[in-house]
Each structure stands twice: as C-alpha cells, then as structure tokens.
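Let's take a walk through a protein model together. Have a look at the picture first, and then we'll go through it piece by piece.

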Amino acid sequence: MSFLPRRRPARSIHLVVDPIACDGHGVCAELFPERIGRDPWGFPVIDPAAVPGGLLEHAQRAVDACPRLALHLVSRDAGEDAAPGPRAVSGGAAGRRLARGAAPTP
Ligand code: SF4
C-alpha cells in the first residue's frame, strides 16, 4: 500500500458531436474549419485531437452556434479513449471560462 498522494492526470479539451441530435446544418464546420470537416452528406467530421488553448474560443463559438445543441466541448483525462463518457464542459459558464483560456477543472 502506498501513501504517496495521487497525482491528477492531465486533462485535455475535445470537441464531440451528438450524432442523434445533429442534423447536418454545417454551421460548425463553417465556424471552426480548423477542426471540423464535413462528410459527403454535410454532417460534421470532428478531429479527435485535443483542442489547443489558442483555438478554444473558436471551438466555443461553434458550439454556441449549433442550432441543435449537438456540439460539445468535453474534458478528458490525457490518454482517455473517446468512448467512456467524457464530461461535457461546453454549456454555460464552464464552457465560457474554457473559451477564455481558464484551465479545465477535473
Ligand atoms: S452546427 Fe450542430 S447540427 Fe449543424 S452540423 Fe454542426 S453539430 Fe450538426
């Protein structure tokens, strides 16, 4: 048994889309082409890489503009797979803090 304090894993911010809610307006791809492409049917193709701090404001703008509330910024542990339930941080004040460059909270 170890009594050393556990270190919190580094966290990163990622864009995710809810494919059920998304209806392919494409607004997000127009606002954030650095990380969002479009498939042949107009639905977003999201770059799974972490959104760097310098692009968070643009990412948040795309999230805020989604008419279906289908696009989210999520905080993940470094190295965490996309599948196991990321925590959404895009809504409300937390997302706006991230867009301003505040460190994500665990
Ligand atoms: S803006 Fe929203 S609804 Fe439109 S393509 Fe992007 S995620 Fe889908």
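What follows goes from the overall picture to single residues, with a stop at the ligand on the way.

**The big picture**

Before anything else, keep in mind that this is a predicted model. How sure is the predictor about the chain on average? The mean pLDDT is 81, and 70% of the residues score at least 70. Two stretches stay under 50, though. One is residues 84-88, where the model has nine contacts beyond four places in sequence. The other is residues 91-99, with 17 contacts of that kind. Where pLDDT is low, the predicted coordinates should not be read in detail.

Now for the building blocks. The protein chain has three helices and five strands, and if you read along the sequence they come in the pattern β-α-β-β-α-β-β-α. Of its 106 residues, 26% count as buried. Take the contacts between residues at least 6 apart in sequence: 61% of them join residues at least 24 apart.

**Two strands side by side**

Strand E1 covers residues 11-17, and its pairing with E4 is antiparallel, with seven bridges. You can pick out one of the partners: His14 is bridged to Val74 in E4. Strand E4 itself runs over residues 71-77, and six of its seven residues are buried, so we can call this strand mostly covered.

Leu15 is a good residue to zoom in on, as its place is in strand E1. Is Leu15 buried or exposed? It is buried, because 25 other C-beta atoms lie within 10 Å and 20 are enough to count. Leaving out neighbours within four places in sequence, Leu15 has contacts with Arg35, Ile36, Ile46, Val51, Ala59, Leu71 and Leu73.

**A helix with a buried side**

Helix H2 spans residues 56-65, and its buried residues are Leu56, Ala59, Gln60, Ala62 and Val63. Why do they sit on the same side of H2? Because they cover an arc of only 160° around the axis. There is a general rule to go with this: an α-helix has 3.6 residues a turn, so residues three or four places apart point the same way.

Leu56 belongs to helix H2. It has 20 C-beta neighbours inside 10 Å and so counts as buried. Leu55, by contrast, is found in the loop between strand E3 and H2. With 16 C-beta neighbours inside 10 Å, Leu55 is partly exposed. Not counting residues up to four places away in sequence, Leu55 touches Glu34 and Arg35.

After the helix comes a loop leading to E4, and Leu69 is in that loop. Leu69 has a positive phi of about 55°, although it is not a glycine. This residue is partly exposed, with 13 other C-beta atoms within 10 Å.

**Around the ligand**

Which residues come nearest to the ligand? They are Cys22, His25, Val27, Cys28 and Cys66, out of 14 residues around it. The shell divides into nine nonpolar, three polar and two charged residues.

Two of these cysteines also turn up in the surroundings of Pro44, a residue of strand E3. Pro44 touches Val17, Cys22, Cys28, Ala29, Ile36 and Arg38, again setting aside residues up to four places away in sequence. With 24 other C-beta atoms within 10 Å, Pro44 is buried.

**Apart in sequence, and in space**

Here are some pairs to find in the picture, with their separation along the chain and in space.

| Pair | Apart in sequence | C-alpha to C-alpha |
|---|---|---|
| Leu15 and Gln60 | 45 residues | 9.2 Å |
| Leu56 and Ile13 | 43 residues | 8.4 Å |
| Leu55 and Glu34 | 21 residues | 8.6 Å |
| Pro44 and Cys28 | 16 residues | 7.6 Å |

You have met some of these names already. Gln60 is one of the buried residues of H2, and Leu15 is in E1, so try tracing the chain from one to the other. Glu34 is also one of the residues that Leu55 touches, and Cys28 is among the contacts of Pro44.

Key:
Residues numbered from 1 in each chain as written. Predicted model: local features only at pLDDT ≥ 70, side-chain atom pairs only at ≥ 80, totals over all residues. pLDDT = per-residue confidence, 0-100. Contact = placed C-beta atoms within 7 Å. Near = placed C-beta within 6 Å. Nonpolar A, V, L, I, M, F, W, Y, C, P; charged D, E, K, R; others polar. Buried ≥ 20, exposed ≤ 12 C-beta atoms within 10 Å, placed from the backbone. Helix = DSSP H or I, 4+ residues; strand = E, 2+ residues; numbered from the N terminus. Pairing = 2+ DSSP bridges. Arc of directions from axis to C-beta.
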